[in-house]
Amino acid sequence: MADNLVIVESPGKVKSIGKFLGKGYKVEASIGHIRDLPKSQIGVDIENNFEPKYITIRGKGDVISKLKKEAKAAKKIYLATDPDREGEAISWHLAHILNIDEGEKCRVTFNEITQNAVKNALKQPREIDTNLVDAQQARRVLDRIVGYKISPLLWKKVKKGLSAGRVQSVATKMICDREKEIEEFTPEEYWTIVSNLEKPKTSPAFEAKFYGTKKEKIELTNGEQVNAILEEIAQSKYIVQKVKEQEKKRAAAAPFITSTLQQEASRKLGFTTKRTMMVAQQLYEGVEIKGRGSVGLITYMRTDSTRISEEAQNEARNYINAKYGKEYIPEVPKIYKNKSASQDAHEAIRPSYIDLTPDDIKDSLSSEQYKVYKLIWSRFIASQMSSAVYDTVNADISVGEYLFKANGSKIKFPGFMVLYIEGKDDESDDETNTLPQLFEGDELILKGNLPKQHFTQPPPRYTEATLVKSLEERGIGRPSTYAPTISTILSRGYVIKDKKCLVPTELGKIVNEIMVKHFKDIVNAEFTAQMEDKLDAVAEGEKAWKDVLEEFYTPFKTVLSEAEESIGNVELPVEVSDIQCEKCGRFMVVKQGRFGKFLACPGFPECRNTKAIVEEAGVLCPKCQGKVLIKKTRKGRKYIGCERNPECTFMSWDMPSNEICPVCGAFMLQKTSGKKVTLYCSNENCSSNADSAIKNEVVSDKEPTTKKKAATKKSSAAKKKTAAKKEASTKKKSADKKETTVKKKTAVKKAAEEEKEIEVKKEAAAKKKSTAKKKASTSKKA
């Protein structure tokens with residue numbers, strides 16, 4: 001029996017930590033929380049100074065019995081739950097159940113699961129930090145009061161199953177407010193003029209944009225104004241008036257914190273916040289690596305600090321020097337500043353072992369583990385590399401009384417960009433405009449002017465990435481709350497996903513309207529941010545946690561009682577479809593479920609008929625000529641499939657295009673990768689299918705040149721001619737196919753009739769035999 005017992009939260013860590021400690025230690029897992037507030041009631045004695053009523057979580061009896069048994073046999077117990085407030089609270093609950101004295105030094109924390117980190121932590125155990133525990137208790141009790149007091153009110157006035165919470169209500173309001181901005185947005189017209197210029201005896205041409213006069217900038221607001229300017233400069237020369245050349249540096253992004261990891265995984269990998277954190281948890285707890293056993297690959301993934309250890313920094317610099325050379329190492333090691341609201345309790349998210357590169361251990365990781373690990377590893381190494389250096393050129397070009405501006409840049413030294421470039425939320429074009437060498441007084445040749453009409457666009461809807469970014473900027477929530485908040489508002493039906501965008505539902509808008517009208521403080525971003533500051537003050541020992549609750553509850557109680565009296569019953573709008581229920585004849589209505597919208601009979605509960613909402617793709621199945629439908633998986637991902645499924649197995653993740661295959665006449669599918677769209681035939685037996693070497697690639701967002709247009713026309717004519725021949729051939733094949741099908745059907749029918757006739761004969765013979773046996777038996781008895 002081991003003398004030392006180490007208790008961690010997750011079973012995933014048991015193996016990783018156990019191999020570092022040896023035979024004298026036994027590592028066990030609490031499997032998360034073991035005590036919590038009861039689900040069946042509020043679980044807080046408000047009248048008795050907000051005393052929480054903790055109970056053992058159902059199903060944890062066996063875990064607790066095992067821990068008690070191991071604790072009784074051990075001489076020393078170490079509580080090694082996660083190094084955050086929630087982990088501190090779990091240790092506090094474990095100490096209570098295992099009868100560990102409050103003053104005993106039993107708490108150990110480590111930011112990464114490596115041999116040095118774990119062993120060093122066990123050499124320096126400390127007492128449980130009651131300030132951190134109290135901050136977590138305050139958050140838990142506060143959220144319980146808000147949820148269990150407002151939610152029943154929403155059930156009563158709107159419908160059952162709804163909920164309200166401090167952070168989720170603010171997030172819902174932000175999404176609703178953005179939608180309102182979009183709905184109320186009035187587009188405004190504006191114009192641009194782009195001149196395509198060329199310096200004599202040089203290539204290629206470059207672009208210059210209209211700025212205004214030589215004295216001031218002019219906003220182009222209509223076509224008449226643009227035409228007047230173009231007429232005015234028609235005979236003018238394009239003379240370079242001023243050239244400014246300078247060197248600019250671009251610094252690498254800081255290593256990941258929780259929010260930036262979630263944002264970047266959303267941008268680059270298309271992962272939800274929930275999925276990102278799930279994979280990061282696996283990498284932190286340990287993954288089986290060939291030849292090394294279970295290895296914790298990254299540091300703790302719930303952090304708001306960009307700080308990194310000196311040891312990790314030196315390892316990164318040594319790696320960069322060996323891999324890329326001295327010029328890629330900055331003279332002074334890079335240190336990134338934390339935001340003012342940062343708790344700085346842990347390091348940034350980084351790889352635990354620099355030498356374990358993503359490609360070296362790819363075979364030991366799942367696809368999503370590899371993607372997230374590569375993101376974390378690359379970002380950290382890049383954060384310690386030299387800045388990229390650009391040569392930039394800004395030219396002012398005089399055209400009569402007007403001024404055009406041309407900007408260009410080229411990379412002089414790539415620096416960190418050889419490894420990693422941070423993603424962006426907007427879709428701005430990162431391509432650089434390369435300029436020829438220009439001097440003041442140079443006369444340029446005009447190749448053409450392109451006037452273009454534009455309209456201002458409304459603010460974009462939030463994605464998971466931009467919502468997390470906005471919540472963090474406003475100080476709402478903490479690293480551990482972002483993913484659960486988004487999951488909750490999606491699961492409650494307050495928000496749905498349209499592609500990557502978060503869109504409020506009618507239910508979400510109604511609940512938000514009630515919250516804004518009757519619970520202003522709860523949905524107020526500033527109030528929520530101030531509450532986070534108060535919880536931070538509790539964690540620092542500067543404020544008593546029950547005082548924070550008292551300050552909140554006194555005004556909240558008054559607001560709650562007023563809301564109960566003033567809120568009337570709310571009727572949710574019903575969307576009636578044109579589809580009749582085949583069971584009772586009523587017109588079915590659209591309902592919102594966990595996995596999206598569906599049709600339901602309004603005669604519930606007498607009639608419980610439901611149907612999926614069918615969206616047709618507008619094309620026919622290449623296998624059986626049935627309708628192709630656009631469907632969704634349970635996770636919301638779109639795909640297309642035949643209406644005759646499961647008899648017909650046609651299915652594809654790629655959406656149909658308007659193009660027809662020139663080879664077989666089936667519709668073409670489009671596979672999108674960034675701005676690149678690849679078209680391929682939906683018929684898997686066709687030579688132009690994706691598996692074939694014949695592919696039709698289209699690069700979007702590019703204006704074709706005159707030559708390309710001419711080539712396109714020529715190609716189009718050739719294609720039409722080929723298509724006509726193919727069509728004739730296809731019709732002949734189709735007729736032959738129909739004739740073959742008729743013959744096959746006749747043969748099948750004949751075979752079925754013959755089979756039926758044989759069965760009838762067999763039954764008759766069996767019946768005759770049975771009758772004969774009965775007669776023989778009767779005569780024998782006689």
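**Exercise 1. Classify V576 by its accessibility and place this residue in its surroundings.**

Solution. V576 has a relative accessible area of 55% and is therefore exposed, where exposed means over 50%, buried under 20% and partly exposed in between (1.4 Å probe, protein chains only). The model is predicted: local features need pLDDT of at least 70 and side-chain atom pairs count only at pLDDT 80 or more, while totals for chains, interfaces and linings use all residues. Residues are numbered from 1 along each chain as its sequence is written, and side-chain values use heavy atoms, with hydrogens and water left out.

Next, locate the residue: V576 lies in strand β18 (residues 575–580). Strands (E, at least two residues) are DSSP runs, numbered from the N terminus.

Finally, V576 joins V574 and F587 in a nonpolar surface patch, with about 300 Å² of accessible area together. Such a patch takes residues with over 30% relative accessible area and no salt bridge, nonpolar side chains (Val, Leu, Ile, Met, Phe, Trp, Tyr) being joined within 5 Å. A salt bridge is a side-chain nitrogen of Lys or Arg within 4 Å of a carboxyl oxygen of Asp or Glu. Areas come from the Shrake-Rupley method with a 1.4 Å probe; for residues, only the protein chains shown count as cover.

**Exercise 2. Describe the open sheet of three strands.**

Solution. The strand order is β2-β1-β7, with parallel pairing; two strands pair if DSSP finds at least two bridges between them. The edge strands, each pairing on one side only, are β2 (25–29) and β7 (76–79). Neighbouring strands of this sheet are turned by 20° against each other on average, direction ignored; the axes are lines fitted to C-alpha atoms, and angles run from 0 to 180 degrees between N-to-C directions.

Turning to one pair, strand β1 (residues 4–8) is joined to β7 by four bridges. N4 stands opposite K76 in β7.

**Exercise 3. Characterise the aromatic pairs of the model.**

Solution. Rings of Phe, Tyr and Trp (its six-membered ring) pair if their centres lie within 6.5 Å; planes under 30 degrees apart count as stacked, over 60 as edge-to-face and the rest as tilted. The count comes to 16 aromatic pairs. One of them, F210 with F404, is edge-to-face, at 5.5 Å centre to centre and 80° between the planes. This pair links distant parts of the chain, F210 in strand β9 (residues 206–213) and F404 in strand β14 (residues 402–413), 194 residues apart. F210 and F404 are buried.

F650 and F667 also form an edge-to-face pair, with 6.3 Å and 90°. Both F650 and F667 are buried.

Note on methods:
Patches are made of residues with over 30% relative accessible area and no salt bridge: like charges are joined within 9 Å, nonpolar side chains (Val, Leu, Ile, Met, Phe, Trp, Tyr) within 5 Å.
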